[in-house]
Amino acid sequence: MTVASPPARRWVVILKVLFAVSVWGGSFIATKIALRDAAPVTIVWTRFGIGVLILGLAVRLRGAYRRPGLRDLAYFALLGGLGITFHQWLQSTGLITAQATTTAWIVASTPVFMALLGWLFLRESLGPVRLGGILLAAVGVLLVVSRGDWRALSLGRFGTPGDLLILISAPNWAIFSTLSRDGLRRYPAALMMFFVMGFGWLFSSAFFLSGPGFADLSHLTVDGWAAVLFLGIACSGLAYIFWYDALQAMPSAQVGVFLYLEPLVTVAVAGLMLGEVLTPATLIGGMIILLGVWLVNRQMNGMGRKG
């Protein structure tokens, strides 16, 4: 339940949201930098190990810990495998060949998949406006991944292999978000994310230890470690805490609007740090995606974090 924040605290809430959106916008760039040194599973394992520690500390300081039952533990394990282990494998592996800017625009389409899931499984109405938004977002995604080369799409060439993995991650996060609704009604967000992230980290540990292992950590350079620490502390820890703090203080629809800034942050930072060139086709496609998502979300209660 959203509690209205006093005017004196509202600016603090807005700063928290801006911090979360800004660091999430930079997460794709940080991942690409870390991937220069280490394998995707090493990045995921280290990042979320740090994130679990941050969330655990927040839960303890707030006195929010309570022991869930076995059924809820199984539920959290399912969410952790889907939303952390599998989702982050898709994105980190995809970013080996996908551009950070392309990734951000594709991930921005996640609410469209959430609307489709609501229509398919929750009997939520679409209506002509939301249906038009879904079609617009689909056109925008195709424009982004093809970089304006429609002929390549007609020949079955769908961008880079990483673009396809990133595209799969969008509906995967929509499924995760839909399944998470019940838990968020029964548990404080930070506590639930602590368990979900904890299980995701444990599952990632199996792949990490049976794969590259601790030796891969020695390959991380100063830039690589800086990127991983940014991902773990800022993106997987503080940003989640600040985001859900804001959702408790402001209406979810108002908080969700700030997510439209995320791909713009990615575009700006990727241009400065990675030298990624923003083509007209990518920019137009991205704007079409945001327009489609806005139309879809006009009649929705709010938006969730994408990944």
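This tour moves through a predicted model, selection by selection.

**The nonpolar surface patch**

Begin by selecting Trp11, Val12, Leu15, Leu18, Leu261, Leu264, Leu278, Leu283 and Met287, which make up a nonpolar patch on the surface with about 750 Å² of accessible area together. Colour helix H1 (7–35) and helix H13 (280–297) next, since each supplies at least two residues of this patch. The largest share, 4 residues, belongs to H1. Valine 12 sits in that helix and is partly exposed, at a relative accessible area of 30%.

**The loop before H13**

Select valine 277 in the loop between helix H12 (262–273) and H13. Valine 277 is exposed, with a relative accessible area of 62%. Then add threonine 101: the two C-alpha atoms are separated by 9.0 Å, although the residues stand 176 apart along the chain.

**Two buried charges without a salt bridge**

Go to aspartate 37, in the loop between H1 and H2. This residue is buried and has no salt bridge; arginine 36 carries the nearest side chain of opposite charge, 7.0 Å away. Display threonine 221 as well, whose side chain makes a polar contact of 2.7 Å with that of aspartate 37. Other residues touched by aspartate 37 include Asp216, His219, Leu220 and Gly224.

Now select arginine 47 in helix H2 (residues 40–61). Arginine 47 is likewise buried without a salt bridge, and glutamate 262, the nearest side chain of opposite charge, is 9.0 Å away. Among the residues that arginine 47 touches are Gln88, Val228, Leu231 and Cys235.

**Salt bridges**

The model contains 5 salt bridges. For one of them, select aspartate 245 and arginine 62, whose side chains meet at 2.8 Å, N to O. Aspartate 245 belongs to helix H10 (residues 222–249) and arginine 62 to the loop between H2 and helix H3 (70–94), so the pair ties together parts that are 183 residues apart in sequence. Which partner is buried and which is partly exposed? Aspartate 245 is buried, at 14% relative accessible area, whereas arginine 62 is partly exposed, at 47%.

Finish at arginine 186, which forms a salt bridge with aspartate 72 (3.1 Å, N to O). This pair links helix H8 (residues 161–186), home of arginine 186, to aspartate 72 in helix H3, 114 residues apart. Aspartate 72 counts as buried, at 14% relative accessibility; arginine 186 is partly exposed, at 35%. Add aspartate 182, whose salt bridge with arginine 186 has its closest N and O atoms 3.0 Å apart. Salt bridges that share partners join Asp72, Asp182, Arg185 and Arg186 into one network.

How values were computed:
Residues are numbered from 1 along each chain as its sequence is written. This is a predicted model: local features need pLDDT of at least 70, side-chain atom pairs count only at pLDDT 80 or more; totals for chains, interfaces and linings use all residues. Side-chain values use heavy atoms; hydrogens and water are left out. Patches are made of residues with over 30% relative accessible area and no salt bridge: like charges are joined within 9 Å, nonpolar side chains (Val, Leu, Ile, Met, Phe, Trp, Tyr) within 5 Å. Accessible areas come from the Shrake-Rupley method with a 1.4 Å probe; for residues, only the protein chains shown count as cover. A salt bridge is a side-chain nitrogen of Lys or Arg within 4 Å of a carboxyl oxygen of Asp or Glu. Buried means under 20% relative accessible area, exposed over 50%, partly exposed in between (1.4 Å probe, protein chains only). Lys and Arg count as positive and Asp and Glu as negative; His and the chain ends are not counted. Contact means heavy atoms within 4.5 Å. A polar contact is a pair of N or O atoms within 3.5 Å; within protein, one must be able to donate a hydrogen and the other to accept it, and residues adjacent in sequence count only if both atoms are side-chain atoms. Lists of a residue's contacts leave out its neighbours within four places in sequence.
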